[in-house]
Amino acid sequence: MSNQVKYVLQESEMPQQWYNIVPDLPAPPPPPLHPGTRQPVGPDDLAPLFPMALIMQEVSPDRHIPIPEPVLDVYRLWRPTPLYRARRLEKDLGTPAKIYYKYEGVSPAGSHKPNTSVPQAYYNAQDGVRKLTTETGAGQWGSALAFACALFGIDLEVWMVRSSFDQKPYRRLLMETYGATVHPSPSDVTNAGRAILADHPDSTGSLGIAISEAVEVAGGNADTRYSLGSVLNHVLMHQTIIGEEALKQLALAGDTPDVIVGCTGGGSNFGGLAFPFLREKMAGRMNPVIRAVEPAACPSFTRGTYAYDFGDTAGFTPLLKMHTLGHEFIPDPIHAGGLRYHGMSPLLSHIYELGLIEAVAKAQSECFAAGLRFARTEGILPAPEPTHAVAAAIEEAQRCKETGEEKVILTALCGHGLLDLSAYGDYLHGEMRDFELTDAAISEALAGIPAGV
Ligand SMILES: Cc1ncc(COP(=O)(O)O)c(C=O)c1O
């Protein structure tokens, strides 16, 4: 019997192209709409914010997009990432299931986010862009983009959600170490931030507010563009390198997945892991159940509605057809700051509507208990976001224990939690609580969704 734990690929085996799932879907996703005309946005509408190469990837009909050599060259710093078999966790659970996790925490910034920050910085640099703005929740995305901007010589200004700014000072310092400027959001340096602070001086912030601030500054400066760490088609496509590698690695292990689980904030690590497997599923080559795991405090799939809504709080972005809790929804300050987004990737939302994936929601205390169990068996401390994925993997493995099924479970451990220790501290010292999200609070937030679109 094999006792192999790590399935690794050589640098030469790293995928050379990203996978675009759109042409393989039975129906195309609904387009983003211009908020004024309510007509589909064209490339020119997006040009003040994004370089044309990324805009063309956003709407590309091509199944594969070659990864530029300078991007591959940076990816080689940490890719291919390892696929682990969680043998110690399996043993601890006493499950007949096999649990595999694709570990993205080996990147310089500690998560999957550099898979897209590097190409985004590269394409902007190619266009002569001098400065980028962005939002960040937990600070993982901000530090990933700060790393990429340092490599490609671009200045970066980051709006970091206030609750995370206070909870995670070392993420801010990591961004500053890479050379970025960091503001807490809401901030007093933008109109959008000042408007929120006027009504709610103690606002804990949200990704939606931070996006408004970053978009406002990029839109108002000709030499500045904006970069988004999740949600959009091109971001999910850049992340498919995770799933393409995992496919090869599971083949090395001689397994195909029965269940794929992943955490969803805007959907990028989940889409990145799942899409290559969904391609195989749609082609009839495997048949995994694919399950998104979201926080109970921000349940866009499981308690939101599928509608056209703004991607940000102030209403600066195009209208996106997505599962949303309403762009004015401010999630409670859970520690998984990267999952505190009111909406879900339009592409994943569409795939959910097509019935190709399912979703569950989990409260943070169950997730941190799972994170702790994972750390005490596998050794790696998961970031608060992927503790949701770990909790779902454990739940499935425990089900297998009851039924005796030897299912193959695959998940993405999309980041380490070494800069999130204060969250684990709260959990260990009994200071973490779950937030109750009432139907009334959701109805109130849903009422803010633009009508008649
Ligand atoms: C480690 C980590 N995991 C997951 C997420 C959620 O984003 P996404 O759903 O795009 O993967 C974030 C976002 O900041 C993150 O930092």
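At 0% relative accessibility, Thr387 counts as buried in this predicted model, and this residue makes a good starting point for a first walk through the structure. Thr387 belongs to helix 16, which covers residues 384-403. Leaving aside residues up to four places away in sequence, the contacts of Thr387 are Cys367, Phe368, Ala370, Gly371, Pro382 and Tyr424. A partner from much further along the chain can be placed too: Val293 lies 94 residues from Thr387 in sequence, yet the two C-alpha atoms are 9.7 Å apart in space.

Several of these names return in the packing of two other helices. Helix 15 (residues 364-378) packs with helix 17 (residues 421-428) at an angle of about 105°, and their axes are 11 Å apart. Because of that angle, helix 15 is roughly perpendicular to helix 17. From helix 15, the residues making the contact are Ser365, Phe368, Ala369, Gly371, Leu372 and Arg376, while helix 17 contributes Ala423, Tyr424, Tyr427 and Leu428. Sorted by class, this contact has 7 nonpolar, 2 polar and 1 charged residues. Phe368 and Gly371 of helix 15 and Tyr424 of helix 17 take part in this packing, and Phe368, Gly371 and Tyr424 are also among the residues that Thr387 touches.

Helix 17 deserves a look of its own. Ala423, Tyr424 and Gly425 are buried in this helix, and the cover over its buried residues includes helix 15 and helix 16. Just past the end of helix 17 comes Gly430, with a positive phi of about 70°.

The cysteines come next. How many disulfides does a search of the whole structure find? The search finds 0. Two of the cysteines help to show why. For Cys367, the closest cysteine sulfur is that of Cys263, and at 9.3 Å the two sulfurs are too far apart for a bond. Cys298 also has its closest cysteine sulfur in Cys263, but the separation of 13 Å is again too far for a bond; a disulfide would need the two sulfur atoms within 2.5 Å. Both cysteines are hidden from the surface in the sense used here: Cys367 counts as buried at 0% relative accessibility, and Cys298 counts as buried at 2%. Cys367 is also one of the residues touched by Thr387.

Another helix pair offers a contrasting arrangement. Helix 6 (residues 140-152) and helix 8 (residues 169-177) pack with their axes 8 Å apart, at an angle of about 15°. Helix 6 is therefore roughly parallel to helix 8, and the crossing of the two is left-handed. On the helix 6 side, Gln140, Gly142, Ser143 and Ala146 make the contact, and on the helix 8 side Arg171, Leu174 and Met175 do so. By class, the contact of helix 6 with helix 8 has 3 nonpolar, 3 polar and 1 charged residues.

The last stop is Val71, a residue of helix 3, which covers residues 69-75. Is Val71 buried or exposed? Its relative accessibility is 0%, so Val71 counts as buried. Apart from residues up to four places away in sequence, Val71 touches Trp18, Val118, Pro119 and Tyr122. Tyr123 is 52 residues from Val71 along the chain, and their C-alpha atoms are separated by 9.5 Å.

Conventions:
Residues numbered from 1 in each chain as written. Predicted model: local features only at pLDDT ≥ 70, side-chain atom pairs only at ≥ 80, totals over all residues. Heavy atoms only, no water. Buried < 20%, exposed > 50% of the residue type's maximum accessible area, 1.4 Å probe, protein only. Axes fitted to C-alpha atoms, helices over the stretch in contact; angles between N-to-C directions. Helix = DSSP H or I, 4+ residues; strand = E, 2+ residues; numbered from the N terminus. Parallel < 35°, antiparallel > 145°, perpendicular 65-115°, else oblique. Left-handed = near helix turned anticlockwise from the far one by under 90°. Contact = heavy atoms within 4.5 Å. Nonpolar A, V, L, I, M, F, W, Y, C, P; charged D, E, K, R; others polar.
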